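Q: Take a close look at the packed interior of this model. Go through the cores, the enclosed space and the residues around them, one step at a time.

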Amino acid sequence: MDVPCARVGGGQMGVNGQPQRLVFRADASSNIGTGHVMRCLTLADALRASGADSLFLCRPMEGDLIGAIRARGHRVRALPECAPHVAADWTGEDQVGDAECCSSALAHEPKADWFVVDHYGLDYIWESMMRPLCRRLMVIDDLADRAHDCDLLLDPGLGRCEADYADLLPPTATRLLGPQHALLRPEFAAHRTESLARRVTPDLKRILVTLGGSDSENVTCKVLDALDSAPLPAGVEITVVMGPSAPWLDAVRLRASAMRAPTLVLSGVSNMARLMTDSDLAIGAAGSTAWERCCLGLPSIQMVLADNQREIANTLQASGAAPNLASAEEITPFLTHRLTSGSLTRWLRDVSNASVGIVAGDGVDYVRAWMEGQDA
(Lines give C-alpha, C1' and ligand atoms only; values in the text may rest on other atoms or scores of the structure.)
Protein backbone atom coordinates (compact mmCIF):
# COMPACT_ATOMS: atom_id res chain seq x y z
CA MET A 1 0.00 0.00 0.00
CA ASP A 2 1.28 3.47 -0.90
CA VAL A 3 0.77 6.50 1.31
CA PRO A 4 0.66 9.85 -0.54
CA CYS A 5 3.60 12.12 0.02
CA ALA A 6 2.94 15.55 1.50
CA ARG A 7 4.37 18.18 -0.83
CA VAL A 8 5.59 21.70 -0.58
CA GLY A 9 5.13 23.52 -3.86
CA GLY A 10 7.38 25.97 -5.64
CA GLY A 11 10.55 23.89 -5.51
CA GLN A 12 12.97 22.34 -7.95
CA MET A 13 11.34 20.52 -10.83
CA GLY A 14 12.42 17.40 -12.69
CA VAL A 15 11.93 16.85 -16.41
CA ASN A 16 9.10 18.65 -18.22
CA GLY A 17 8.45 20.89 -15.23
CA GLN A 18 7.28 17.98 -13.06
CA PRO A 19 8.32 17.53 -9.41
CA GLN A 20 11.42 15.41 -8.99
CA ARG A 21 10.66 11.72 -8.60
CA LEU A 22 12.92 9.70 -6.32
CA VAL A 23 13.10 6.02 -5.47
CA PHE A 24 15.02 4.84 -2.38
CA ARG A 25 16.20 1.28 -1.78
CA ALA A 26 17.14 0.71 1.86
CA ASP A 27 16.34 -1.76 4.63
CA ALA A 28 16.21 -1.71 8.42
CA SER A 29 15.90 -4.55 10.90
CA SER A 30 16.85 -5.65 14.38
CA ASN A 31 19.96 -7.27 12.89
CA ILE A 32 21.23 -4.62 10.46
CA GLY A 33 20.08 -1.55 12.40
CA THR A 34 18.22 1.55 11.27
CA GLY A 35 20.97 3.84 9.96
CA HIS A 36 20.50 3.16 6.23
CA VAL A 37 16.81 4.04 6.24
CA MET A 38 17.23 6.98 8.61
CA ARG A 39 19.76 8.81 6.44
CA CYS A 40 17.64 8.15 3.35
CA LEU A 41 14.64 9.56 5.20
CA THR A 42 16.62 12.69 6.05
CA LEU A 43 17.43 13.21 2.38
CA ALA A 44 13.86 12.47 1.28
CA ASP A 45 12.51 14.99 3.79
CA ALA A 46 14.90 17.67 2.53
CA LEU A 47 14.00 17.06 -1.12
CA ARG A 48 10.30 17.06 -0.32
CA ALA A 49 10.68 20.66 0.84
CA SER A 50 11.49 21.44 -2.80
CA GLY A 51 8.44 19.55 -4.08
CA ALA A 52 9.98 16.12 -4.70
CA ASP A 53 8.02 12.87 -4.42
CA SER A 54 9.80 9.89 -2.85
CA LEU A 55 9.00 6.19 -2.96
CA PHE A 56 10.81 3.72 -0.69
CA LEU A 57 11.37 0.07 -1.57
CA CYS A 58 11.94 -1.96 1.60
CA ARG A 59 11.76 -5.53 2.72
CA PRO A 60 9.51 -6.27 5.71
CA MET A 61 11.60 -7.68 8.55
CA GLU A 62 11.55 -7.68 12.32
CA GLY A 63 12.45 -4.15 13.41
CA ASP A 64 11.93 -2.55 9.99
CA LEU A 65 10.99 1.12 9.66
CA ILE A 66 8.23 0.81 7.08
CA GLY A 67 5.71 2.32 9.47
CA ALA A 68 8.06 5.17 10.35
CA ILE A 69 8.61 6.00 6.68
CA ARG A 70 4.86 6.18 6.10
CA ALA A 71 4.42 8.27 9.25
CA ARG A 72 6.85 10.79 7.76
CA GLY A 73 4.55 11.11 4.73
CA HIS A 74 6.52 9.11 2.15
CA ARG A 75 5.27 6.27 0.01
CA VAL A 76 6.52 2.73 0.66
CA ARG A 77 6.25 -0.50 -1.26
CA ALA A 78 7.25 -3.68 0.51
CA LEU A 79 9.23 -6.03 -1.69
CA PRO A 80 7.76 -9.52 -2.01
CA GLU A 81 9.14 -12.57 -0.31
CA CYS A 82 11.28 -13.47 -3.33
CA ALA A 83 13.76 -10.82 -2.24
CA PRO A 84 16.77 -12.42 -0.51
CA HIS A 85 17.46 -12.12 3.17
CA VAL A 86 19.75 -9.27 4.12
CA ALA A 87 23.36 -10.37 4.42
CA ALA A 88 26.73 -8.73 3.98
CA ASP A 89 27.92 -11.40 1.55
CA TRP A 90 25.13 -11.42 -1.03
CA THR A 91 26.05 -13.11 -4.27
CA GLY A 92 25.33 -11.78 -7.72
CA GLU A 93 22.41 -14.19 -8.03
CA ASP A 94 20.83 -12.68 -4.90
CA GLN A 95 21.25 -9.19 -6.28
CA VAL A 96 19.59 -10.19 -9.54
CA GLY A 97 16.60 -11.50 -7.61
CA ASP A 98 16.34 -8.30 -5.61
CA ALA A 99 16.64 -6.17 -8.76
CA GLU A 100 13.86 -8.14 -10.42
CA CYS A 101 11.63 -7.56 -7.39
CA CYS A 102 12.39 -3.83 -7.52
CA SER A 103 11.62 -3.69 -11.23
CA SER A 104 8.25 -5.38 -10.64
CA ALA A 105 7.44 -2.95 -7.82
CA LEU A 106 8.15 -0.01 -10.15
CA ALA A 107 6.35 -1.42 -13.20
CA HIS A 108 3.63 1.25 -13.13
CA GLU A 109 5.79 4.13 -11.88
CA PRO A 110 7.15 6.84 -14.17
CA LYS A 111 10.89 6.90 -14.66
CA ALA A 112 12.65 8.24 -11.57
CA ASP A 113 14.83 11.32 -11.72
CA TRP A 114 17.01 9.73 -9.02
CA PHE A 115 17.32 6.18 -7.73
CA VAL A 116 19.08 6.25 -4.34
CA VAL A 117 20.46 3.03 -2.87
CA ASP A 118 21.87 2.69 0.64
CA HIS A 119 22.59 -1.01 1.15
CA TYR A 120 25.76 -2.95 1.93
CA GLY A 121 24.46 -6.01 0.07
CA LEU A 122 24.14 -4.28 -3.31
CA ASP A 123 26.76 -3.19 -5.84
CA TYR A 124 27.26 -2.57 -9.56
CA ILE A 125 25.41 -5.79 -10.50
CA TRP A 126 22.16 -4.56 -8.99
CA GLU A 127 22.78 -0.93 -9.93
CA SER A 128 23.31 -1.70 -13.62
CA MET A 129 19.93 -3.47 -13.67
CA MET A 130 18.26 -0.37 -12.23
CA ARG A 131 19.71 1.99 -14.83
CA PRO A 132 16.72 1.76 -17.25
CA LEU A 133 14.39 2.81 -14.41
CA CYS A 134 16.03 6.14 -13.61
CA ARG A 135 17.76 9.14 -15.10
CA ARG A 136 20.49 9.16 -12.44
CA LEU A 137 21.62 6.75 -9.75
CA MET A 138 23.07 7.67 -6.36
CA VAL A 139 24.88 5.36 -3.93
CA ILE A 140 25.24 6.09 -0.21
CA ASP A 141 28.10 4.06 1.22
CA ASP A 142 30.79 4.20 3.89
CA LEU A 143 32.77 1.03 3.25
CA ALA A 144 34.56 1.60 -0.08
CA ASP A 145 34.79 -2.16 -0.48
CA ARG A 146 32.92 -2.88 -3.75
CA ALA A 147 32.37 -1.50 -7.24
CA HIS A 148 29.40 0.72 -8.10
CA ASP A 149 27.65 1.82 -11.28
CA CYS A 150 26.43 5.27 -10.25
CA ASP A 151 26.38 8.94 -11.16
CA LEU A 152 26.84 10.17 -7.58
CA LEU A 153 28.47 8.54 -4.58
CA LEU A 154 28.12 9.90 -1.05
CA ASP A 155 30.50 8.57 1.60
CA PRO A 156 30.62 10.61 4.85
CA GLY A 157 33.62 8.76 6.30
CA LEU A 158 36.24 10.81 8.13
CA GLY A 159 39.46 10.83 6.11
CA ARG A 160 37.79 9.37 3.04
CA CYS A 161 39.58 10.43 -0.16
CA GLU A 162 39.26 10.08 -3.95
CA ALA A 163 41.84 7.28 -4.04
CA ASP A 164 39.59 5.05 -1.91
CA TYR A 165 37.19 4.76 -4.86
CA ALA A 166 39.72 5.05 -7.69
CA ASP A 167 38.93 1.61 -9.14
CA LEU A 168 35.38 1.27 -7.84
CA LEU A 169 33.41 3.93 -9.75
CA PRO A 170 32.82 5.03 -13.33
CA PRO A 171 35.22 7.85 -14.22
CA THR A 172 32.30 10.26 -14.67
CA ALA A 173 30.80 9.63 -11.23
CA THR A 174 30.76 12.55 -8.80
CA ARG A 175 32.11 11.83 -5.32
CA LEU A 176 30.88 13.65 -2.23
CA LEU A 177 33.31 12.49 0.44
CA GLY A 178 33.79 13.30 4.11
CA PRO A 179 31.58 13.95 7.15
CA GLN A 180 30.75 17.46 5.93
CA HIS A 181 28.30 15.63 3.67
CA ALA A 182 26.77 13.48 6.43
CA LEU A 183 22.98 13.41 6.15
CA LEU A 184 21.93 14.82 9.51
CA ARG A 185 18.41 15.99 10.27
CA PRO A 186 18.12 19.82 10.35
CA GLU A 187 17.53 19.93 14.11
CA PHE A 188 21.17 19.05 14.78
CA ALA A 189 22.46 22.15 13.00
CA ALA A 190 19.70 24.16 14.72
CA HIS A 191 20.86 23.04 18.19
CA ARG A 192 24.58 23.37 17.47
CA THR A 193 25.16 26.85 18.94
CA GLU A 194 23.28 26.06 22.15
CA SER A 195 25.04 22.73 22.54
CA LEU A 196 28.52 24.19 22.06
CA ALA A 197 27.80 26.87 24.64
CA ARG A 198 27.16 24.09 27.16
CA ARG A 199 30.63 22.66 26.50
CA VAL A 200 32.51 25.84 27.47
CA THR A 201 32.37 24.89 31.15
CA PRO A 202 31.85 21.10 31.12
CA ASP A 203 30.32 19.39 34.12
CA LEU A 204 29.16 15.79 34.31
CA LYS A 205 25.48 16.02 35.19
CA ARG A 206 23.72 14.07 32.42
CA ILE A 207 24.87 10.92 30.63
CA LEU A 208 23.20 9.74 27.44
CA VAL A 209 23.38 6.04 26.47
CA THR A 210 22.37 5.26 22.88
CA LEU A 211 23.60 2.07 21.24
CA GLY A 212 21.52 1.99 18.09
CA GLY A 213 17.89 1.31 17.39
CA SER A 214 18.04 -2.41 18.10
CA ASP A 215 21.10 -3.34 20.25
CA SER A 216 20.52 -7.01 19.51
CA GLU A 217 23.35 -8.09 21.86
CA ASN A 218 21.99 -6.16 24.86
CA VAL A 219 25.13 -4.09 25.30
CA THR A 220 23.00 -1.39 26.93
CA CYS A 221 22.52 -3.47 30.09
CA LYS A 222 26.28 -4.01 30.27
CA VAL A 223 26.84 -0.26 29.97
CA LEU A 224 24.39 0.34 32.82
CA ASP A 225 26.25 -2.24 34.91
CA ALA A 226 29.50 -0.36 34.23
CA LEU A 227 28.01 3.03 35.10
CA ASP A 228 26.52 1.61 38.30
CA SER A 229 30.02 0.49 39.32
CA ALA A 230 31.74 3.80 38.54
CA PRO A 231 32.10 6.53 41.19
CA LEU A 232 29.76 8.95 39.42
CA PRO A 233 29.28 12.35 41.05
CA ALA A 234 26.19 12.87 43.16
CA GLY A 235 23.23 14.15 41.16
CA VAL A 236 24.20 12.56 37.85
CA GLU A 237 21.21 11.51 35.75
CA ILE A 238 21.28 8.87 33.01
CA THR A 239 19.05 8.73 29.92
CA VAL A 240 18.88 5.63 27.74
CA VAL A 241 17.46 5.79 24.21
CA MET A 242 16.43 2.66 22.33
CA GLY A 243 14.31 1.79 19.33
CA PRO A 244 10.65 0.86 19.91
CA SER A 245 11.27 -2.68 18.63
CA ALA A 246 14.58 -3.25 20.45
CA PRO A 247 14.50 -6.88 21.65
CA TRP A 248 16.00 -6.10 25.07
CA LEU A 249 13.91 -3.03 25.85
CA ASP A 250 12.08 -4.60 28.82
CA ALA A 251 15.34 -5.96 30.25
CA VAL A 252 16.94 -2.52 30.03
CA ARG A 253 13.96 -0.93 31.77
CA LEU A 254 14.26 -3.48 34.57
CA ARG A 255 18.00 -2.84 34.96
CA ALA A 256 17.42 0.92 34.90
CA SER A 257 14.98 0.67 37.79
CA ALA A 258 17.76 -0.76 39.98
CA MET A 259 20.41 1.86 39.16
CA ARG A 260 21.89 4.01 41.92
CA ALA A 261 21.67 7.07 39.67
CA PRO A 262 18.22 8.10 38.36
CA THR A 263 17.93 6.39 34.96
CA LEU A 264 15.24 7.13 32.37
CA VAL A 265 14.66 4.76 29.42
CA LEU A 266 13.12 6.33 26.31
CA SER A 267 11.95 4.53 23.18
CA GLY A 268 11.33 5.79 19.66
CA VAL A 269 12.28 9.40 20.42
CA SER A 270 11.91 12.24 17.93
CA ASN A 271 14.01 14.79 19.84
CA MET A 272 17.49 13.26 19.78
CA ALA A 273 19.15 16.60 19.06
CA ARG A 274 17.52 18.05 22.18
CA LEU A 275 18.60 15.09 24.29
CA MET A 276 22.18 15.33 23.05
CA THR A 277 22.28 19.09 23.61
CA ASP A 278 21.19 18.60 27.22
CA SER A 279 23.76 15.85 27.88
CA ASP A 280 27.37 16.15 29.06
CA LEU A 281 28.63 12.72 27.99
CA ALA A 282 27.36 10.14 25.52
CA ILE A 283 28.11 6.44 25.39
CA GLY A 284 27.21 5.21 21.93
CA ALA A 285 27.87 2.96 19.00
CA ALA A 286 30.36 4.07 16.36
CA GLY A 287 27.69 4.27 13.67
CA SER A 288 26.02 7.15 11.86
CA THR A 289 24.96 8.77 15.16
CA ALA A 290 28.66 9.53 15.73
CA TRP A 291 28.29 12.41 13.25
CA GLU A 292 25.32 13.74 15.23
CA ARG A 293 27.38 13.76 18.41
CA CYS A 294 30.26 15.51 16.64
CA CYS A 295 27.94 18.17 15.22
CA LEU A 296 26.83 19.07 18.74
CA GLY A 297 30.32 18.75 20.25
CA LEU A 298 28.99 16.13 22.67
CA PRO A 299 31.89 14.30 24.38
CA SER A 300 31.53 10.61 23.68
CA ILE A 301 32.76 7.15 24.53
CA GLN A 302 32.21 4.84 21.59
CA MET A 303 32.09 1.09 21.02
CA VAL A 304 32.12 -0.95 17.85
CA LEU A 305 28.94 -3.04 17.69
CA ALA A 306 29.23 -4.07 14.03
CA ASP A 307 32.16 -4.57 11.67
CA ASN A 308 31.07 -1.67 9.46
CA GLN A 309 31.54 0.71 12.42
CA ARG A 310 35.21 -0.10 12.91
CA GLU A 311 36.59 2.42 10.43
CA ILE A 312 34.51 5.26 11.89
CA ALA A 313 35.65 4.33 15.40
CA ASN A 314 39.32 4.21 14.44
CA THR A 315 39.31 7.54 12.64
CA LEU A 316 37.42 9.34 15.40
CA GLN A 317 39.77 7.96 18.03
CA ALA A 318 42.82 8.98 15.99
CA SER A 319 41.46 12.52 15.72
CA GLY A 320 40.87 12.73 19.48
CA ALA A 321 37.11 13.07 18.96
CA ALA A 322 36.06 9.91 20.83
CA PRO A 323 37.92 7.08 22.56
CA ASN A 324 37.07 3.62 21.31
CA LEU A 325 36.56 1.07 24.06
CA ALA A 326 36.66 -2.64 23.31
CA SER A 327 33.79 -3.51 25.65
CA ALA A 328 31.29 -2.05 28.09
CA GLU A 329 33.36 -3.41 30.97
CA GLU A 330 36.12 -0.91 30.14
CA ILE A 331 33.81 2.02 30.92
CA THR A 332 34.17 1.59 34.68
CA PRO A 333 37.99 1.93 34.87
CA PHE A 334 37.95 4.60 32.15
CA LEU A 335 35.58 6.88 34.08
CA THR A 336 37.00 5.96 37.47
CA HIS A 337 40.49 7.10 36.44
CA ARG A 338 39.24 10.46 35.19
CA LEU A 339 36.94 11.07 38.11
CA THR A 340 39.49 10.19 40.80
CA SER A 341 42.41 11.96 39.09
CA GLY A 342 40.47 15.18 38.56
CA SER A 343 41.07 15.08 34.80
CA LEU A 344 37.44 14.57 33.73
CA THR A 345 36.65 18.25 33.09
CA ARG A 346 39.73 18.74 30.93
CA TRP A 347 39.02 15.51 29.06
CA LEU A 348 35.41 16.51 28.35
CA ARG A 349 36.58 19.84 26.95
CA ASP A 350 39.36 18.33 24.85
CA VAL A 351 37.13 15.69 23.28
CA SER A 352 34.42 18.23 22.53
CA ASN A 353 36.90 20.58 20.87
CA ALA A 354 38.29 17.75 18.74
CA SER A 355 34.86 16.60 17.56
CA VAL A 356 33.12 19.87 16.83
CA GLY A 357 35.14 20.70 13.72
CA ILE A 358 34.36 17.39 12.03
CA VAL A 359 30.68 17.95 11.17
CA ALA A 360 28.79 21.24 10.92
CA GLY A 361 25.42 19.59 10.34
CA ASP A 362 24.42 21.13 7.01
CA GLY A 363 25.48 18.23 4.76
CA VAL A 364 21.93 17.37 3.69
CA ASP A 365 21.43 20.91 2.36
CA TYR A 366 24.57 20.65 0.28
CA VAL A 367 23.61 17.22 -1.11
CA ARG A 368 20.05 18.34 -1.85
CA ALA A 369 21.28 21.44 -3.68
CA TRP A 370 23.71 19.34 -5.72
CA MET A 371 21.03 16.85 -6.72
CA GLU A 372 18.55 19.56 -7.63
CA GLY A 373 21.21 21.42 -9.58
CA GLN A 374 21.51 18.51 -12.00
CA ASP A 375 17.99 19.25 -13.22
CA ALA A 376 18.32 23.03 -13.30
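A: Contact here means heavy atoms within 4.5 Å. The model is predicted.

Start with Val223. Neighbours within four places in sequence are set aside. Val223 is then in contact with Val209, Leu211, Ile283, Met303, Ala328 and Ile331. Val223 also belongs to a bigger picture. The largest nonpolar core has 36 residues. Val223 is among those with the most contacts inside this core, along with Ile207, Leu227, Ile238, Met303, Ile331 and Leu335. Two of those names, Met303 and Ile331, also appear in the contact list of Val223.

Where does this core draw its residues from? Several helices and strands each supply at least two. The strands are E8 (206-210), E9 (237-242), E11 (281-285) and E12. The helices are H6 (219-229), H7 (249-257), H11 (331-341) and H12 (344-356). H6 gives the most, with 6 residues. There is also a second, separate core of 30 residues. Leu22, Phe24, Ile66 and Val76 are included in that second core.

Next, strand E12. Ile301 sits in this strand. Is Ile301 buried or exposed? Its relative accessibility is 0%, so Ile301 counts as buried. Again leave out residues up to four places away in sequence. Ile301 then touches Leu281, Ala282, Ile283 and Gly284. Pro323, Leu325, Phe334, Leu335 and Trp347 complete that list. Ile283 recurs here, having been listed as a contact of Val223. Val351 lies 50 residues from Ile301 along the chain, yet their C-alpha atoms are separated by 9.7 Å.

E12 also borders empty space. Rolling a probe the size of a water molecule over the atoms shows where such space is left. The model has 4 cavities of 30 Å³ or more. The largest cavity holds about 50 Å³. Its lining takes in Ala290, Arg293, Cys294, Leu298 and Ser300. Gln302, Leu316, Ala321, Ala322 and Ser355 line this cavity too. By class, the lining has 6 nonpolar, 3 polar and 1 charged residues. Helix H9 (289-295) and strand E12 (300-303) each supply at least two lining residues. H9 gives the most, with 3.

Leu316 leads on to helix H10, residues 310-318. Which residues of H10 are buried? Ile312, Ala313 and Leu316 are. They span an arc of only 100 degrees around the axis, which puts them on the same side of H10. The general geometry fits: an α-helix has 3.6 residues a turn, so residues three or four places apart point the same way. What do the buried residues of H10 pack against? They pack against H9, E12 and strand E13 (324-325). H9 and E12 are also the elements that each give at least two residues to the cavity lining. After H10 comes Gly320, with a positive phi near 85 degrees.

Two loop residues deserve a check of their backbone angles. Most residues other than glycine have a negative phi. Asp215 has a positive phi, near 50 degrees. Asp215 lies in the loop between E8 and H6. Both of those elements feed the core of 36 residues. With a relative accessible area of 5%, Asp215 is buried. Ala144 likewise has a positive phi near 50 degrees. Ala144 belongs to the loop between strand E5 (134-140) and strand E6 (152-155). Its relative accessibility is 18%. The cut-off for buried is under 20%, so Ala144 counts as buried.

Now helix H13, residues 363-373, which holds Val367. Val367 is buried, with a relative accessible area of 0%. Its contacts beyond four places in sequence are Leu43, Met138, Leu154, Leu176, His181 and Leu183. Glu311 is 56 residues from Val367 in sequence and 23 Å away in space, C-alpha to C-alpha.

Last, a residue with some exposure. Ser128 is in helix H4, residues 124-130. At 36% relative accessibility, Ser128 counts as partly exposed. The C-alpha atoms of Ser128 and Leu249 are separated by 41 Å, and the two residues are 121 apart along the chain.

Key. Residues numbered from 1 in each chain as written. Predicted model: local features only at pLDDT ≥ 70, side-chain atom pairs only at ≥ 80, totals over all residues. Heavy atoms only, no water. 1 Å grid on protein atoms, 1.4 Å probe; cavity = no way out; pocket = protein on both sides within 12 Å on 5 of 7 lines; lining within 4 Å. Points joined across faces, edges and corners; volume = space filled by probe spheres on them. Helix = DSSP H or I, 4+ residues; strand = E, 2+ residues; numbered from the N terminus. Nonpolar A, V, L, I, M, F, W, Y, C, P; charged D, E, K, R; others polar. Core = buried A, V, L, I, M, F, W, Y, C linked by side-chain atoms within 4.5 Å. Buried < 20%, exposed > 50% of the residue type's maximum accessible area, 1.4 Å probe, protein only. Arc of directions from axis to C-beta.
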